Amino acid sequence: MSSLCCPRCGSPWPQPLIRCPYCGVRFPLRFGCPDLRPKLRLTPATWTNFLLPVAWGYPLWRTRALSLLSGRPFPVEEELALLKKALRPGPGEYLDLGTSAGLYGAALLKAGAERVYGLDFSPAMLLKARRAAPGLVPVLAEASQLPFRSGSLEGVAVGGSWNEFTSPERVAAEIRRVLAPGGRIFFMWTLPSGSQWQKWLERLGLRYPRLEEMEALFAGFELRLWREGSVGFVMGTKLKICDT
Ligand SMILES: C[S@@+](CC[C@H](N)C(=O)[O-])C[C@H]1O[C@@H](n2cnc3c(N)ncnc32)[C@H](O)[C@@H]1O
């Protein structure tokens, strides 16, 4: 059975229906995806993700991002090797949360993941992801209300999107909920640098969590956290004794 469920009542979701057969709620189709998003709280920074030119131009920035932020040559291949080491893609279902152009999702599929969901709240980004990563299952939803059954996913990857989440505690609680016991996480995000540039972006809605904040959000997981310049990384496993 697929991990997808109705975001309102939590019942299994037999795609491609746009009406939950259990609670009867209807979800409109947008670009071929059922729109499972709750009412969105957009910031000036996250709003830009809804523009087609931003979605189409995003990969240009993405391939250079870690070299610029870490202060050393940091090729995408090295980042994707960390992702694969952390999530160990194989049988079962995985989530690329805030997928944008599907970079992590495509890498997980290529490395042998049975099924990968690419979730984003921007239809423009999902259009781009569908082109760039065929095979990725696009999910138009919001990170703090994940449309997946509890304990159904083997791994969750978040590449850079953590800086944009407006309710990080709720997103962390949702990731804990949807991961199976023994499920794995891999996150990459930008750390606080104290720069004027970051202060300005914070006013537009971006957040720069410290390593300690991420550690606290995933207390109870077996975690490895580290930094490379202004880039933070977390690899972790949801221990079998962890609550959801
Ligand atoms: C910095 S980009 C991440 C790129 C991608 N993960 C990668 O590694 O290339 C952030 C993405 O997260 C999405 N996003 C931001 N906040 C979100 C939320 N609350 N729910 C779902 N998607 C969100 C944005 O639309 C955008 O596509």
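This is a short talk on how one protein model is put together, starting from its sheet.

Good morning, everyone. A word of caution first: this model is predicted.

Let's start with the sheet. It is open and has seven strands. Read across, the order is S5-S4-S3-S6-S7-S9-S8, and the pairing is mixed. Which strands stand at the edges? They are S5, residues 137–140, and S8, residues 221–228. Each has a single partner strand, so one side of each is left without a neighbour in the sheet. On average, neighbouring strands are turned by 15 degrees against each other, direction ignored.

Now some pairings. S3 covers residues 93–97, and S4 covers residues 115–120. These two run parallel, joined by five bridges. Look for Leu 97: its opposite number in S4 is Leu 119.

On to a helix. H3, residues 76–87, packs on this sheet. It touches S3, S6, S7 and S9. The direction of H3 makes about 160 degrees with that of S7.

Next, strand S6, residues 153–159. How many of its seven residues are buried? Seven of the seven. S6 pairs with S3 in the parallel sense, over three bridges. There, Tyr 94 stands opposite Gly 155 in S6. S6 also pairs with S7, again in the parallel sense, over six bridges. In that pair, Gly 159 faces Met 188 in S7.

One residue deserves a stop: Ala 157. Leave aside its neighbours within four places in sequence. Ala 157 is then in contact with Leu 83, Leu 87, Asp 96, Leu 97, Tyr 104, Leu 108 and Phe 186. The largest nonpolar core has 66 residues. Ala 157 is among the members that touch the most others, along with Leu 108, Val 116, Val 139, Val 156 and Phe 187.

Leu 108 takes us to helix H4, residues 103–110. Is H4 mostly covered or mostly open? Mostly covered: seven of its eight residues are buried. Among them are Leu 103, Tyr 104 and Leu 108. What do the buried residues of H4 pack against? Helices H2, H3 and H5, plus strands S3, S4 and S6. Just after H4 comes Gly 112, with a positive phi of about 110 degrees.

Last, the ligand. It is surrounded by 19 residues. The closest are Asn 49, Gly 98, Ser 100, Ala 143 and Gly 159. You have met Gly 159 already, opposite Met 188. By class, the shell holds six nonpolar, nine polar and four charged residues.

That's my tour. Thank you.

Technical notes:
Residues are numbered from 1 along each chain as its sequence is written. This is a predicted model: local features need pLDDT of at least 70, side-chain atom pairs count only at pLDDT 80 or more; totals for chains, interfaces and linings use all residues. Two strands pair if DSSP finds at least two bridges between them. Helices (H or I, at least four residues) and strands (E, at least two) are DSSP runs, numbered from the N terminus. Axes are lines fitted to C-alpha atoms, for helices over the stretch in contact, and angles run from 0 to 180 degrees between N-to-C directions. Two residues are in contact if their C-beta atoms, placed from the backbone, lie within 7 Å. A residue is near a molecule or strand if its C-beta atom, placed from the backbone, lies within 6 Å of it. Ala, Val, Leu, Ile, Met, Phe, Trp, Tyr, Cys and Pro count as nonpolar, Asp, Glu, Lys and Arg as charged, and the others, Gly among them, as polar. A nonpolar core is a set of buried Ala, Val, Leu, Ile, Met, Phe, Trp, Tyr and Cys residues joined through C-beta atoms within 7 Å. A residue is buried if 20 or more other C-beta atoms lie within 10 Å of its own, exposed if 12 or fewer, and partly exposed in between; C-beta atoms are placed from the backbone.
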